[in-house]
Amino acid sequence: PSWAWPKPLQARIPLLIGAGGTDRTFRWIVRHADGWITTPAEVDIDGHVGRLREMWRDAGRDGEPQVAALGVRPERDRLAHLASIGVTEVIFGLPDREPAEVEAWIGRLAGKLG
């Protein structure tokens, strides 16, 4: 019964845990959450994503865990690779500038990625 508006469209909001990619973190995620948010320091996450997905299946969870990657360079080939290993979302930082400059940066990024 939140007083926040607008209300979420989903009946249940997914819970993603942001932490280092360790078996301890993944055991907690598999038991209590819907997915993982990487740390910006983790750039080579192929093995981590594979391990989380393996633990997810071994625990009998349906579907696949959600994985949000932080701090990834916005390069088309890199994004395609992340999608191929099971990353479901990529989160980019935005420049700390005036609104018009941020909008221009987003426009350039959109043009670069198509």
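Reading a four-stranded sheet and its aromatic rings

Me: How many strands form the sheet, and in what order?
Reply: Four strands form an open sheet in the order 1-2-3-4, with parallel pairing. This is a predicted model, where local features need pLDDT of at least 70, side-chain atom pairs count only at pLDDT 80 or more, and totals for chains, interfaces and linings use all residues. Residues are numbered from 1 along each chain as its sequence is written, and side-chain values use heavy atoms, with hydrogens and water left out.

Me: What holds for strands that pair?
Reply: Strands of a sheet pair through backbone hydrogen bonds, either parallel or antiparallel. Two strands count as paired if DSSP finds at least two bridges between them. Strands (E, at least two residues) and helices (H or I, at least four) are DSSP runs, numbered from the N terminus. Here strand 1 and strand 2 run parallel and are joined by three bridges; L16 stands opposite G35 in strand 2.

Me: Which are the edge strands?
Reply: They are strand 1 (16-18) and strand 4 (89-91), each of which pairs on one side only.

Me: How does the chain cross from strand 2 to strand 3?
Reply: A crossover is right-handed if, with the strands pointing away from the viewer, the path from the first strand over the helix to the second runs clockwise. Strand 2 and strand 3 (residues 66-70) run parallel, joined by three bridges, and I37 has A68 in strand 3 as its bridge partner. Between these strands the chain passes through helix 2 (residues 46-58), and this β-α-β crossover is right-handed.

Me: What do strand 3, helix 3 and strand 4 make?
Reply: With helix 3 (residues 76-85), they make a right-handed β-α-β unit. Strand 3 and strand 4 pair in the parallel sense over three bridges, and L70 stands opposite I91 in strand 4.

Me: How is a pair of aromatic rings described?
Reply: By the distance of the centres and the angle of the planes. Rings of Phe, Tyr and Trp (its six-membered ring) pair if their centres lie within 6.5 Å; planes under 30 degrees apart count as stacked, over 60 as edge-to-face and the rest as tilted. A search of the whole structure finds one aromatic pair. The ring centres of F26 and W36 are 5.0 Å apart and the planes stand at 80 degrees, so this pair is edge-to-face. F26 lies in helix 1 (residues 23-32) and W36 in strand 2 (residues 35-37), ten residues apart.

Me: Are F26 and W36 buried or exposed?
Reply: Both F26 and W36 are buried (under 20% relative accessible area; exposed is over 50%, partly exposed in between, with a 1.4 Å probe and protein chains only).
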